[in-house]
Amino acid sequence: MNPSDFDELAGGDLEPGERERLRSVHDLLVQAGPPPELPPHLAAGPTLGMTLVRPPRRRILTRRVALLAAALTVLAVAFLFGYLAGNGGNGLAHARTLRLTGTRIAPNALASLRVYRSDRAGNWPMKLSGMGLPKLGPNGYYEVFLVRKGGYEPCGAFVVKNAGTPIDVTLNVPYRLKPSDTWVVTRERNGDEERGPVVLRPTT
Amino acid sequence: MELALDPPRLQAVPDAPLAAAATASDADLLARVADRDRDAFEVLYLRYIRSIYGLALRRLRDRERAEDAVQETFAAIWRSASSYRPERGPAAPWLYAIARNAVVDRFRGHIEPTGEVPDLASGEPGPADRAETAYVSWRVHRALEALSEREREVVELAYWSGLSQSEVAEYLHIPLGTVKTRTRSALSKLADVLEGDDL
């Protein structure tokens, strides 16, 4: 149908005021054209990388307050260093979380991926916590991938020992993260050359 | 790479905050994003992703660079949501300005080679017309997100698929009268949204 035929679309029995109102919307729709088809990775929702950006600092501190804050920071860093050293380095304090949901292959699966601040060497510690992933056969395993511009970078693999048992997997990757980065989990099988299907993806 | 299987410590992610955020205004969502609220950010993303991607595609004419512009736009929104001031105006133009800046940055990074200067004026729309069309598309695509799935489907089929209303009814397996009712309802709702203060 020709969308310029407003009366067929909206009906011819409109009050003059309402007709004018809907007619203006009709004209805008024709002028705007169709919305774009989104590629799957944009339709999947925001990426974790978008929210890894630090907000700008507000310049509201006076010189005296800034000096005091600097002194407190030194003390806090010293305390944190001591705390981490005393806890085997497991006390990661700052994290961003990406929510993942199961695809058709694992509809009951649910997980969250926590990405911590990078360490001195530039590695990014991560923790994948989840449940609902089925136990796979003897050659099966799951693999976590960083997705960047359509490419997949491996981050680590794990197995589910018992169906219904929650998982908690620690990873540490050397990639320099970017705002567009996101992650998926796939189902793999030893010996397969092709990458397996995605079982967990960022929630929409 | 380090790998470990530890005792379970998963915290379930509730959907209730997301549902609550879905009805919030753009200005409210930005205020929450400024407080690092990820649910609000996700709702804002889903509300604007088509508008922003459409704007970027229209200007850059390149999917990869348009996707980069989208990523940069949302990173900028996350970064600078606290600088939005509701008393200075509605949120949609503020978001549009951020998206436009991200697109312009991508455009500057990719200057087309200069060709011969034509003797005759081009019949294509000038910068002012293009800017107006871009903003109209932005508003309309954003307003479409306020429709229900059923209403949006009927509008998209009626306006941009080339189907008649009878064909839309046949395609959706619903009576023709339902198609007409949904179309009129959708147009009315779009008029409400487009006339509203938030756009």
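**Exercise 1.** In this predicted model, determine which type of contact joins the side chains of Glu195(B) and Arg21(A).

*Solution.* First, take the separation: nitrogen and oxygen of the two side chains lie 3.3 Å apart. Next, apply the cut-off: a salt bridge requires a side-chain nitrogen of Lys or Arg within 4 Å of a carboxyl oxygen of Asp or Glu. Glu195(B) and Arg21(A) therefore form a salt bridge. Finally, place the pair in its setting: chain B and chain A have 5 salt bridges between them.

**Exercise 2.** Describe the side of chain B that touches chain A by its elements and by the character of its residues.

*Solution.* Begin with the elements. Two or more residues each come from α3 (38–60), α4 (63–80), α6 (127–144), α7 (149–160) and α9 (176–195) of chain B. Of these, α3(B) gives the largest share, 12 residues. Then sort the residues by character: 32 are nonpolar, 11 polar and 20 charged.

**Exercise 3.** State the extent of the interface between chain B and chain A.

*Solution.* Count the participants: 63 residues of chain B and 65 residues of chain A take part in the contact. Turn to area: the two chains bury about 5,700 Å² between them, with 62% of it on carbon and sulfur atoms. Add the polar component: 15 residue pairs are in polar contact across the interface, both residues being at pLDDT 80 or more.

**Exercise 4.** Is Gln71(B) buried or exposed, and which residues does Gln71(B) touch?

*Solution.* Locate the residue: Gln71(B) belongs to helix α4 of chain B. Its relative accessible area is 7%, so Gln71(B) is buried. Beyond four places in sequence, Gln71(B) touches Leu42(A), Thr47(A), Met50(A), Pro179(A) and Ser180(A).

How values were computed. Residues numbered from 1 in each chain as written. Chains lettered and ligands numbered in written order. Predicted model: local features only at pLDDT ≥ 70, side-chain atom pairs only at ≥ 80, totals over all residues. Heavy atoms only, no water. Contact = heavy atoms within 4.5 Å. Buried area = accessible area lost by both parts, 1.4 Å probe. Polar contact = N/O pair within 3.5 Å; in protein donor to acceptor, adjacent residues only side chain to side chain. Helix = DSSP H or I, 4+ residues; strand = E, 2+ residues; numbered from the N terminus. Nonpolar A, V, L, I, M, F, W, Y, C, P; charged D, E, K, R; others polar. Buried < 20%, exposed > 50% of the residue type's maximum accessible area, 1.4 Å probe, protein only.
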